Amino acid sequence: EKAEDFTQFVRMAKKKTRSHRQSLSKKYLVQKKVKAHRKKLNKSSKKTTHTRRKLKKDPGIPNLFPLKQQLLKQILRNKRKAIDEKEETQKRRKKARMKKLRAAAESLTVPSGQSDAATRDENPLAISGKSGGKKWYYRELSKVIADADVILFVLDCRDPIGCRCPQIEKSIIQQHSTRTNGPKKIILVLNKVDLVPASVVAEWMKLFRREYPTVLFKASTQDQRRNLKISRSFSKAPTDVQLSSSRGCVGGDVLLQLLKNYSRTLDIKQAITVGVIGYPNVGKSSIINSLKRSKATETSASPGHTKFVQEVRLDKYLTLLDS
């Protein structure tokens, strides 16, 4: 009886401690069947959904069509008509922009009640017209002249007399002649020399060098943002071939050397600020970009694009002010 009780106890203990683990072969078989079942469901769901049919390629006009040539000519005429309409709309938009620019330029002119003689007699830096734009430009110009030690007066070589303003030069000398560092230096920069014959450029250079130091300059016409080229300047009067051959800046090395000479006093270098002034579209920002050898300031064909004073640092001794 005791033996029977012991065997019964062992059976009950085995029944309680039975493991629920399954063998790996059975586990992998279940996973395989589940994967196959899901694959079957996905396949059936794809069959029920409506798939987009791919558009067939246009075979074109058959060669046997009797009016093929006339139809091709009609298609070509329609394309040309669409191109012409697009060009006309671009021209209309361009005319509208030009009208806006002319209106803005007219708003900056001298008021009708004020005569030209009275305008010439007054100090040009103190003129304040009725329009806000004119006051703004004169205020920015006076800031540049007050902060600068050297003034670069940029002139367009095609009409340097028309781009020059003797009243501003006179006011700069009169107002800033009593400075502790000495009077402000003025340098005339004849820009765009590549658009004028070399003989005319040489005559302008002789004329202006009687009054102020004059530098011939051609801004860089390269398209990259950095590493703009500075070509070697000509020793004497330039030739037409020298001016038209290089796409890099011409005259930049001479101008930089002149500014560095101004920064030296008693064999001691000191930091100077150079203000760049001139009429709109004479190339002030292009000159700064050429000296910096990168597109540091924005340029535009429309006048008055630079509205704020921009400071461009060439090195620790030279700082340029764009106006």
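## The sheet and its order

Two strands are taken to pair if DSSP finds at least two bridges between them, and in this predicted model 6 strands form an open sheet on that basis, in the order 3-2-1-8-10-9 and with mixed pairing. The edges of the sheet are strand 3 (214-216) and strand 9 (310-313), each of which pairs on one side only. On average, and with direction ignored, neighbouring strands of this sheet are turned by 25° against each other.

At one of these edges, strand 9 pairs with strand 10 (residues 318-322) in the antiparallel sense over 4 bridges, and Arg313 stands opposite Thr319 in strand 10.

## Helices packed on the sheet

Helix 7 (residues 166-175) packs on the sheet, where it touches strand 1 (150-156), strand 2 and strand 8 (272-277), and its direction makes about 155° with that of strand 2. Helix 10 (residues 252-263) also packs on the sheet, touching strand 1, strand 2, strand 3, strand 8 and strand 10, while its direction makes about 175° with that of strand 2.

## Asn191 in strand 2

Strand 2 (residues 185-191) includes Asn191, a residue that counts as buried because its relative accessibility is 2%, where buried means under 20%. The side chain of Asn191 reaches the backbone oxygen of Val282 at 2.9 Å.

Once its neighbours within four places in sequence are left aside, Asn191 is in contact with Val154, Leu155, Asp156 and Cys157, with Phe217, Lys218 and Ala219, and with Val282, Gly283 and Ile287.

Terms used. Residues numbered from 1 in each chain as written. Predicted model: local features only at pLDDT ≥ 70, side-chain atom pairs only at ≥ 80, totals over all residues. Heavy atoms only, no water. Helix = DSSP H or I, 4+ residues; strand = E, 2+ residues; numbered from the N terminus. Buried < 20%, exposed > 50% of the residue type's maximum accessible area, 1.4 Å probe, protein only. Polar contact = N/O pair within 3.5 Å; in protein donor to acceptor, adjacent residues only side chain to side chain. Contact = heavy atoms within 4.5 Å. Axes fitted to C-alpha atoms, helices over the stretch in contact; angles between N-to-C directions.
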